[in-house]
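The exercises below are meant to be worked with the sequence and the coordinates side by side. Try each task before reading its solution.

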Amino acid sequence: SSGTTGHIRCRADTPPPAQYDLVTAADVLCYFGDLTAVMQSFEKVLAPGGDLIFSDETLEGDFNWVMQAVERYAHDRAYVARTAEAVGLEVVEQKDFMPRTESGYDVKGTLHVLHKRAR
């Protein structure tokens, strides 16, 4: 790894090379509903054997994701796992955590650790 940082764009026409050993996204994916295109972009830039670590807000219910009253999305853990597997990422861990307190209430979150298998 070169130790550089980069930016991921969800553009299928010019994907960057698979070069990063680690990609992180803290408190970012709560602004996306369907995570398919985002996960595909992450998979494309991860080097084989690389890891993706991200947080999101946890959905408790019968949906893949929902737009909350606070104008952020919450995602179901099983949906995140299915989406990751569908694009070639293995779920290593999904852990409960509290990303923030908002208006006096704890926000329920999940820390996801995903891995791109080495070829």
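**Exercise 1. Determine which residue of β8 stands opposite I53, and place β8 among its partner strands.**

Solution. In this predicted model, I53 stands opposite V113 in β8. The pairing behind this position is that of strand β2 (residues 46-58) with β8, which run antiparallel and are joined by seven bridges. On turning to strand β5 (residues 89-97), one finds that β5 and β8 also pair in the antiparallel sense, over eight bridges, and that E93 stands opposite V113. V113 therefore has I53 of β2 opposite it in one pairing and E93 of β5 in the other, while strand β8 (residues 109-116) is largely enclosed by the rest of the structure, because six of its eight residues are buried.

**Exercise 2. Describe the order of helices and strands along the chain, and state what share of the chain's residues is buried.**

Solution. Begin with the count, which is two helices and eight strands. Read along the sequence, these elements follow the pattern β-α-β-β-β-α-β-β-β-β. Of the 119 residues in the chain, 35% are buried, and the chain exposes about 7100 Å², of which carbon and sulfur atoms supply 51%. Finally, taking the contacts between residues at least 6 apart in sequence, 63% join residues that are at least 24 apart.

**Exercise 3. Identify the residues with the most contacts inside the largest nonpolar core, and follow L114 to its neighbours.**

Solution. The largest nonpolar core has 18 residues, and those with the most contacts inside it are V23, M39, F42, L52, F54, L89 and L114. The elements that give two or more residues to this core are β1, α1, β2 and α2 (77-86), and α1 gives the most, with four residues. As for L114, when residues up to four places away in sequence are not counted, it touches M39, G50, D51, L52, F54, A84, L89, E90, V91 and V92. Comparing the two lists shows that M39, L52, F54 and L89, which are named among the residues with the most contacts inside the core, are also touched by L114.

**Exercise 4. Trace the salt bridges of R72, and state whether R72 is buried or exposed.**

Solution. A search of the whole structure finds nine salt bridges, and two of the pairs to consider here involve R72. In one pair, R72 forms a salt bridge with E57, the closest N and O atoms being 2.5 Å apart. Since R72 lies in the loop between β3 (65-67) and β4 (73-75) and E57 in strand β2, this pair ties together parts that are 15 residues apart in sequence. The relative accessible area of R72 is 9%, below the 20% cut-off, so R72 is buried; E57, with a relative accessible area of 3%, is buried as well.

In the other pair, the side chains of R72 and E102 meet in a salt bridge (2.8 Å, N to O). This pair links distant parts of the chain, R72 being in the loop between β3 and β4 and E102 in strand β6 (residues 101-102), 30 residues apart. E102, at 23% relative accessibility, counts as partly exposed.

**Exercise 5. Explain what the salt bridge between R117 and E90 ties together, and name the residues of the shared-partner network.**

Solution. The side chains of R117 and E90 meet in a salt bridge (4.0 Å, N to O). Because R117 lies in the segment after β8 and E90 in strand β5, the pair ties together parts that are 27 residues apart in sequence. Both residues are partly exposed, R117 with a relative accessible area of 42% and E90 at 31%. As to the network, salt bridges that share partners join D27, E57, R72, R100 and E102 into one network.

**Exercise 6. Locate E71 and S103, whose phi values are positive, and decide whether each is buried or exposed.**

Solution. Phi of E71 is near 65°, a positive value in a residue other than glycine; E71 has its place in the loop between β3 and β4 and, at 62% relative accessibility, counts as exposed. Phi of S103 is near 55°, again a positive value in a residue other than glycine. S103 is in the loop between β6 and β7 (105-106), and its relative accessible area of 67% makes it exposed.

Technical notes
Residues are numbered from 1 along each chain as its sequence is written. This is a predicted model: local features need pLDDT of at least 70, side-chain atom pairs count only at pLDDT 80 or more; totals for chains, interfaces and linings use all residues. Side-chain values use heavy atoms; hydrogens and water are left out. Buried means under 20% relative accessible area, exposed over 50%, partly exposed in between (1.4 Å probe, protein chains only). Two strands pair if DSSP finds at least two bridges between them. A nonpolar core is a set of buried Ala, Val, Leu, Ile, Met, Phe, Trp, Tyr and Cys residues joined through side-chain atoms within 4.5 Å. Contact means heavy atoms within 4.5 Å. Accessible areas come from the Shrake-Rupley method with a 1.4 Å probe; for residues, only the protein chains shown count as cover.
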